[in-house]
Amino acid sequence: MPRRAARLIGVSLLGLSGILVVLAAAGLGFRAYRQHLAAQTLAIRSPAGVQEGEFIEIGGIKQWIQIRGEDRDNPVLLFVPGGSTLPISSGWRAWEKHFTVVQWDQRGTGRTFGAAGDALGPTMTLERMTQDGIELAKYLRTHLHKDKIVLVGHSWGSFLGIRMAKQRPDLFSAYVGTGQVVGRATFEKAFELTIARLQRLAAAANNKEALAELAPIASQPVLTPENRLIADKWSNVLGLPLADGFQLAGPIPPLFMPDVSLLDLYNWRKGAAFSAKYLTGRNGPMFQSDMASMGFEFSIPMFFIEGDADAVTPGGPAEQFFNLITAPHKEFVWIRGGDHFIPFDRPDEFLAELVARIRPFASH
């Protein structure tokens, strides 16, 4: 290559690199500005309020918690999620007028995963994480000067949280399950609904091959690896919409949440995949064990708030379990049209249920 051509290519590449640097700097500057605005939107300004975020020692490791609320005299609500909720919780601002809301990056998720990494693998057990939650509840009682707290479990967090409530009812004024998992029956029902959805799509497309392969599964929708492969195949071919997609209702997208770094977002995604490997697969505790083994007697008020359009953890098995429960008080609430992510895509409706039904039982 002639020197002149090589020189021109070098100059062009240098210019392109400069442009990319400028664009990256501009993007980061815009993100910082949006985060600044978001911080103003979400700021707790009440003199009696609380706005904290810190690592605390739980189960022998540092685990991240966030505590926010407008009045320390309000009941404390511990939200036990399926994964880190910090980047997607801007819709909960109204909750903080009625509760002191605690978010928890559990073992293997979010900032807790970022601090410890893959070394947590051997400790990702239902038993260990139940004890983590109990330790956290005890810490919150002391730190926030409360006798008892409201416990809300969502998805994996419902499978974990209800065990916390069962083992240490003295720590909690009420348990609230949403997207409640009861064990294998939850996922068998979800698979049955998936096959039914695929059949409808195949019929609409007049896809005879799909209908022929799906028919024997529909007659006996058992979640075997072979049946799962067939369902995945036709989900791709027929364009089945994802069951776990949702539209975040909060005013601030995850990318612009204040005090959430790009590294935090990376660990949010990576931690979710890491946790799923140990907790939610066919060999994980949600599939291999069930809540019936705990028994049906609970000594605190019990509430299930379920979406009747939840295709991830359908509410039918949860309702069947709930009907067998004995408790000082219990209520099962259907949210019409609600999906698996009611706390995030319908936070005001979920809050209305919390205030009307659960807050009267909460300790102040």
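# Exercises on pockets, rings and charges

In this predicted model, helix 5 (184–204), helix 7, helix 8 and helix 9 each contribute at least two residues to the lining of the largest pocket. The exercises below start from that pocket and then turn to rings and charged side chains.

## Exercise 1. The largest pocket

Determine what volume the largest pocket has, which residues lie closest to its centre, which element supplies the largest share of the lining, and how the lining residues divide by class.

*Solution.* Step one is the volume, which comes to about 1500 Å³ for the largest pocket. Step two is the lining, which consists of 49 residues, with Ser-155, Asp-244, Val-312, His-340 and Phe-341 closest to the centre. Step three assigns the lining to elements: helix 8 gives the largest share, namely seven residues. Step four sorts the lining by class, and the outcome is 26 nonpolar, 17 polar and six charged residues.

## Exercise 2. The second largest pocket

Describe the second largest pocket by its space, its lining residues, the elements that give two or more residues to the lining, and the classes of those residues.

*Solution.* The space in the second largest pocket amounts to about 370 Å³. Its lining is made of 20 residues, and those nearest the centre are Gln-51, Gln-66, Arg-68, Pro-258 and Asp-259. Two or more lining residues come from each of helix 1 (3–42), strand 1 (50–58) and strand 2 (61–69). Sorted by class, the lining of the second largest pocket holds eight nonpolar, six polar and six charged residues.

## Exercise 3. Two aromatic pairs

Classify the ring geometry of Phe-246 with Phe-341 and of Phe-296 with Phe-321, and state for each of the four residues whether it is buried, partly exposed or exposed.

*Solution.* The description of a ring pair rests on the distance of the centres and the angle of the planes. In total, the count comes to 21 aromatic pairs. For Phe-246 and Phe-341 the centres are 4.2 Å apart and the planes make an angle of 15°, and the pair is stacked, since planes under 30 degrees apart fall in that class. Phe-246 belongs to the loop between helix 7 (225–238) and helix 8 (262–279), while Phe-341 belongs to the loop between strand 8 (330–335) and helix 11 (342–345), so their contact ties together parts that are 95 residues apart in sequence. With 31% relative accessibility, Phe-246 is partly exposed, whereas Phe-341, at 14%, is buried.

For Phe-296 and Phe-321 the centres lie 5.3 Å apart and the planes stand at 45°, so this pair is tilted. Phe-296 is found in the loop between helix 9 (285–288) and strand 7 (302–307) and Phe-321 in helix 10 (residues 315–324), and the pair therefore ties together parts that are 25 residues apart in sequence. Phe-296 counts as partly exposed at 27% relative accessibility, and Phe-321 as buried at 6%.

A last step places the stacked pair in a wider setting: Phe-246 and Phe-341 belong to one aromatic cluster together with Phe-79, Trp-92, Trp-95, Phe-344 and Phe-350.

## Exercise 4. Charges over rings

Over which rings do the charged ends of Arg-163 and Lys-166 sit?

*Solution.* The charged end of Arg-163 lies over the ring of Phe-159, at 4.2 Å from the ring centre. That of Lys-166 lies over the ring of Phe-298, at 4.8 Å from the ring centre.

## Exercise 5. Salt bridges

Find the salt-bridge partners of Asp-147, Glu-192 and Arg-357, and work out how the positions of the last two pairs relate in the sequence or within an element.

*Solution.* The structure holds 20 salt bridges. Asp-147 pairs with Arg-141, with 3.4 Å between the closest N and O atoms; Asp-147 is partly exposed at 48%, and Arg-141 is likewise partly exposed at 23%.

Glu-192 pairs with Lys-189, and here the closest N and O atoms are 3.4 Å apart. Both residues lie in helix 5, and because they are three residues apart they are separated by about one helical turn.

Arg-357 meets Glu-331 at 2.5 Å, N to O. Arg-357 is in helix 12 (residues 347–358) and Glu-331 in strand 8, so this bridge ties together parts that are 26 residues apart in sequence. Arg-357 is partly exposed, at 30% relative accessible area. Finally, Arg-68, Glu-70, Arg-93 and Glu-96 are joined into one network by salt bridges that share partners.

Terms used: Residues numbered from 1 in each chain as written. Predicted model: local features only at pLDDT ≥ 70, side-chain atom pairs only at ≥ 80, totals over all residues. Heavy atoms only, no water. Phe/Tyr/Trp six-rings, centres within 6.5 Å; stacked < 30°, edge-to-face > 60°. Helix = DSSP H or I, 4+ residues; strand = E, 2+ residues; numbered from the N terminus. Buried < 20%, exposed > 50% of the residue type's maximum accessible area, 1.4 Å probe, protein only. Lys NZ or Arg CZ within 6 Å of the ring centre and 35° of its normal. 1 Å grid on protein atoms, 1.4 Å probe; cavity = no way out; pocket = protein on both sides within 12 Å on 5 of 7 lines; lining within 4 Å. Points joined across faces, edges and corners; volume = space filled by probe spheres on them. Nonpolar A, V, L, I, M, F, W, Y, C, P; charged D, E, K, R; others polar. Salt bridge = Lys/Arg side-chain N within 4 Å of Asp/Glu carboxyl O.
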